[in-house]
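Colleague: Please take me through one part of this model closely. I would like the place where the two chains meet.

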Amino acid sequence: MRGSKSLIDNIDWFTVSIYFVLILAGWLNIYAAVYNEEFESIFDTTQRYGKQLLWIGTAGIIAIIILLIDERFFSTFGYLIYGFVIALLIAVLLVGAATKGATSWFAIGGFKIQPSEFSKFATCLALAKYLSTLNIRMTDLKTKLNAAAIIGIPAVLILMQNDTGSALVYGAFVLVLFREGLSGNFLLIGLVTAFLFVITLVFQNDVYQMPFEIELTGGWMLIIILFIIMGLVYYFNRKRKQILLFSTIVFVACSGLVKSVDYVFNNILEPHQSKRINVMLGIESDPYGAGYNVNQSLIAIGSGGFTGKGYLKGTQTKYDFVPEQSTDFIFCTIGEEWGFIGSFAVVALFMTLLLRILFMCSRQRSAFARIYGYGVATIFFFHFLINIGMTIGLAPVIGIPLPFFSYGGSSLWGFTILLFVFIKMDADRLEVL
Amino acid sequence: MKQYESRQFTIGAIFLVVGLIFLIRLFYVQVIDSHYKLDATNNVLRTVVKYPARGLIYDRHGELLVYNEAAYDLMVVPKAIKEDFDTTEFCSLLGMSRKEFDQRFNKAKNYSQYKASIFEKEISAKSYAIIQEQLFNYPGFFVQTRTLRSYPKKTAAHMVGYVGEASPKVIKKDNYYKSGDHIGISGIEKHYEKVLRGKRGQEVQMVDVFNRPKGKFQDGAFDTTAVSGSNLKLTIDADLQAYGEKLMQNKKGSIVAIDPSTGEILALISMPTYDPNLLVGRQRSKNYGKLSQDTLKPLFNRALMAKYPPGSTFKSINALIGLQEGVLTPNTRYSCNRGYRFGGRKMGCHPHPSPVNLEYSIQTSCNAYYCNVFRSVIDHYPTAEEGYNVWRTYVTNFGLGKKTGIDLPNELSGFVPEPAYYDRYYLKGKWHSTTILSLAIGQGELGFTPMQMANMVAAIANRGYYITPHIAKEINGQLITDFDSTIVRNKTGVEAKYFNEVVEAMYKVVEQGTGTSAKIDSLQVCGKTGTVENPHGDDHSTFIAFAPKDNPKIAISVYVENGYWGSRWAAPIAGLLIEEYLRDTITRPLIEQRMLEGNLIGTPPKVVIDEGE
């Protein structure tokens with residue numbers, strides 16, 4: 001029997017407290033970002049802080065409902081929920097509203113719902129359900145392909161909505177697969193690929209003067225360097241079996257990547273995306289063009305200093321120098337008004353939340369709950385990584401929200417569902433046999 | 001899955017590493033690197049310059065010579081321009097072509113998308129009235145109030161000078177000036193720049209991303225009000241100045257009048273002149289170009305910058321030197337038979353009774369007499385060089401051949417040769433009083449400005465000294481002589497008693513000699529005519545005078561280029577000006593009319609100048 005008494009006892013109140021602190025801090029900063037002497041009532045629903053208060057209230061109700069639902073509901077209906085969300089994603093492509101080039105919204109009355117914010121939860125659930133099935137081994141190719149499909153389908157649909165940022169989030173699930181046995185080489189390959197991608201972009205336009213009047217472009221220069229490196233790898237490991245084949249394959253793969261980056265960059269990515277990446281890498285400096293957002297964001301955060309300018313006293317955010325300041329660039333308000341102390345507190349809060357979720361994962365008896373927990377952690381982590389990273393110029397400007405901080409009902413609901421389903425699973429962990 | 005349990009630590013480590021990198025980066029951006037704080041200030045703070053009004057300029061009687069008129073700089077903030085901006089309509093409002101609009105707009109955009117820059121400079125109040133009614137339709141454009149100089153009397157252009165924008169060179173040299181500031185470029189505007197300019201004020205505003213003002217920064221703690229420039233009262237008599245310019249119309253030349261008792265300049269005329277209103281605002285550079293190409297050189301200030309030999313007017317000085325040196329007495333008589341003969345050569349003279357004494361020599365302007373006087377001055381020293389040096393010292397003590405120290409820029413020194421000059425031409429010890437004999441009659445190498453000549457007359461009128469000439473009388477109501485230590489009494493080295501004879505002779509010049517055309521009933525005018533040899537054309541007509549004979553109130557020098565004898569143009573003009581100044585009436589309308597109608601430059605001014613806008 002599950003009484004409400006035992007539920008209250010078993011809920012991880014520590015996580016719930018972090019959630020409350022994050023939500024409260026988030027709302028205070030939305031208020032500051034939108035703050036305007038003309039509108040004083042915090043309940044004014046014509047203003048974003050008023051609306052956000054509404055979203056917070058409803059998110060609380062959703063959280064309570066989730067805590068009251070039987071944990072087995074999620075494992076039983078995992079695929080169904082997934083299917084339903086996929087259907088929504090398809091529907092939004094057909095009848096959705098377009099904002100800023102992305103067709104990712106359902107407009108219902110005065111409010112807008114973004115299905116992609118819920119598909120993270122659904123994908124997480126479906127992935128956990130699949131990977132927790134008996135006799136599933138991550139090392140099997142079939143398992144890999146199925147997992148990739150579960151992750152890939154919503155990602156591709158979201159990509160078709162022209163919402164690249166939200167689609168990229170699904171890349172975070174690689175960490176979940178890694179935890180469940182995916183070879184570390186995949187992470188390594190991912191990192192090497194990213195590294196080569198960046199370094200190729202940085203050097204592709206350089207021209208080097210070689211002896212005998214040969215001119216080498218940056219790309220060819222990199223390939224020569226790769227050849228030397230792989231030659232050395234071969235030379236020092238020449239006693240080992242198949243080392244020649246290995247070095248050759250790595251060399252060819254890397255060279256192919258280098259040569260194709262230029263193509264990818266100029267033909268596959270949208271111009272604004274490639275420009276943003278260039279600006280982030282310092283290849284292009286364009287403070288009033290594509291780099292404007294990052295530049296203004298850094299100015300806002302940097303001008304906060306150690307202790308900040310004080311609540312509601314930030315001039316950069318208050319006077320709209322920072323774009324999207326209540327959504328994607330909400331961290332600027334924190335940085336400007338609360339200074340390094342505030343930034344430190346927010347980073348520390350997220351770190352605590354992430355590590356707490358990892359700790360909760362380790363005490364799960366069921367693989368389903370554990371895998372789901374990892375999904376939750378990696379999704380939060382990815383949002384944290386990209387969102388704060390872009391405001392401080394360490395990540396490309398990809399418009400994804402900072403969980404619990406950024407203004408927006410769908411994202412708040414989505415993150416709340418994501419977290420509270422795991423809290424519920426954790427609360428009921430002792431009942432799992 | 002136990003075998004992969006340790007991977008939770010790998011994942012935890014990845015989280016922590018990213019968190020740590022973020023904190024390091026945040027610490028760097030927020031605490032260590034300070035340039036973002038500066039950028040933030042630049043973002044949000046706009047310093048609106050409050051330009052001060054330049055000081056007003058009055059004449060000695062308090063008549064307004066220079067005042068300020070409102071003008072408007074049209075400013076633009078490119079980013080604040082709305083998408084539905086009607087360029088065609090806007091262009092027709094400003095009366096500007098589409099191409100010009102694009103050019104200026106791109107320039108503004110290149111300067112800054114978010115900061116205001118000047119789109120159109122110095123729009124007159126009249127044009128602004130029309131633009132202002134429509135301007136609210138074009139967000140992103142606004143006006144900044146400036147002032148432009150205006151000259152109601154259209155007179156004394158060279159003297160007051162003009163105002164322009166501070167050049168990059170000036171801005172680099174003097175850190176007071178910022179781009180867009182006005183600065184005096186010539187004349188009084190330049191010399192008294194620091195007095196007239198006032199003090200710039202500023203208002204520090206907070207603005208949002210669209211440059212919309214959001215209130216004062218720290219409640220105006222950094223705001224300062226503009227302080228208007230000090231007003232300047234000149235020693236000039238505007239009526240006299242204007243009358244002199246009128247008399248000199250269609251003639252080239254210069255008139256300088258001084259109050260000898262104070263050194264105050266009453267009129268400083270250079271002809272041809274121009275309407276000072278032409279060198280104001282947007283039309284300035286265009287009109288300046290036209291004026292500077294005019295062959296009559298209207299921009300050239302002859303009063304301070306033209307160098308003429310003094311001619312016969314200089315004989316008074318040679319007489320005074322001879323008297324002081326003791327080589328001449330009022331009774332010294334020299335004969336003159338159509339000139340002075342020396343070593344087979346001859347300095348000619350016009351026919352007159354002979355022999356002549358000192359008084360008659362001035363009255364009739366006898367060349368031979370002054371050849372004798374000059375030679376006896378030089379030759380009663382062992383060498384010509386010694387004698388010449390003594391003579392030269394007297395001359396320079398009269399303020400000739402050196403800057404008078406007038407409070408106006410670009411004054412010429414004039415020229416009295418050093419002995420070394422003659423050494424170069426004739427070798428040391430090889431030149432004698434006869435070699436340089438033309439100095440005796442004010443010709444030869446001598447070159448003095450009309451300003452120096454007037455000053456010389458003042459020294460004669462004062463019987464032996466002159467006060468440093470100056471043009472500013474009061475700054476903000478305070479007498480300039482109370483604090484300007486450069487205005488001093490300069491002694492000529494000739495004792496007062498020697499002047500009486502020369503002054504009497506000059507009185508006779510006007511009463512019954514060469515200068516009767518300057519004669520005014522019941523007013524004792526003293527003068528001396530001169531005809532300046534001009535190798536380039538007709539001789540210049542010159543006249544020096546002061547009046548009344550006792551307690552002189554005005555000393556004047558008149559040069560009329562190509563006017564031939566001094567009695568023909570310079571003397572009557574001097575007479576008219578003296579009467580105008582001392583009596584305020586003209587009793588000789590016929591002479592006045594002849595002067596007004598006289599045309600010595602052939603055709604009237606050829607250049608066509610655009611009036612205003």
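Modeller: The count between chain A and chain B is zero salt bridges. Keep in mind that this is a predicted model. Polar contacts do turn up: eight residue pairs across the interface of chain A and chain B, both residues at pLDDT 80 or more. Five helices of chain A each supply at least two residues of the side that touches chain B. They are H9 (173-179), H14 (292-303), H15 (315-318), H16 (330-362) and H17 (367-391). Of these, H16(A) gives the most, with twelve residues. By type, that side of chain A divides into 28 nonpolar, 17 polar and five charged residues.

Now the extent of the interface. On chain A, 50 residues are in contact with 34 residues of chain B. The area buried between the two chains is about 3800 Å². Carbon and sulfur atoms give 74% of that area. Three residues stand out on the chain A side: Arg179(A), Tyr319(A) and Phe340(A). Together they supply 17% of the area that chain A buries against chain B, more than any other three residues.

Put the pieces together. Chain A meets chain B through residues that include 28 nonpolar ones, and carbon and sulfur atoms give 74% of the buried area. Charge pairing is absent by the salt-bridge count, which is zero. The polar part of the picture includes eight residue pairs in polar contact. For a place to start looking, try H16(A), with its twelve residues on the side that touches chain B.

Conventions
Residues numbered from 1 in each chain as written. Chains lettered and ligands numbered in written order. Predicted model: local features only at pLDDT ≥ 70, side-chain atom pairs only at ≥ 80, totals over all residues. Heavy atoms only, no water. Contact = heavy atoms within 4.5 Å. Buried area = accessible area lost by both parts, 1.4 Å probe. Salt bridge = Lys/Arg side-chain N within 4 Å of Asp/Glu carboxyl O. Polar contact = N/O pair within 3.5 Å; in protein donor to acceptor, adjacent residues only side chain to side chain. Helix = DSSP H or I, 4+ residues; strand = E, 2+ residues; numbered from the N terminus. Nonpolar A, V, L, I, M, F, W, Y, C, P; charged D, E, K, R; others polar.
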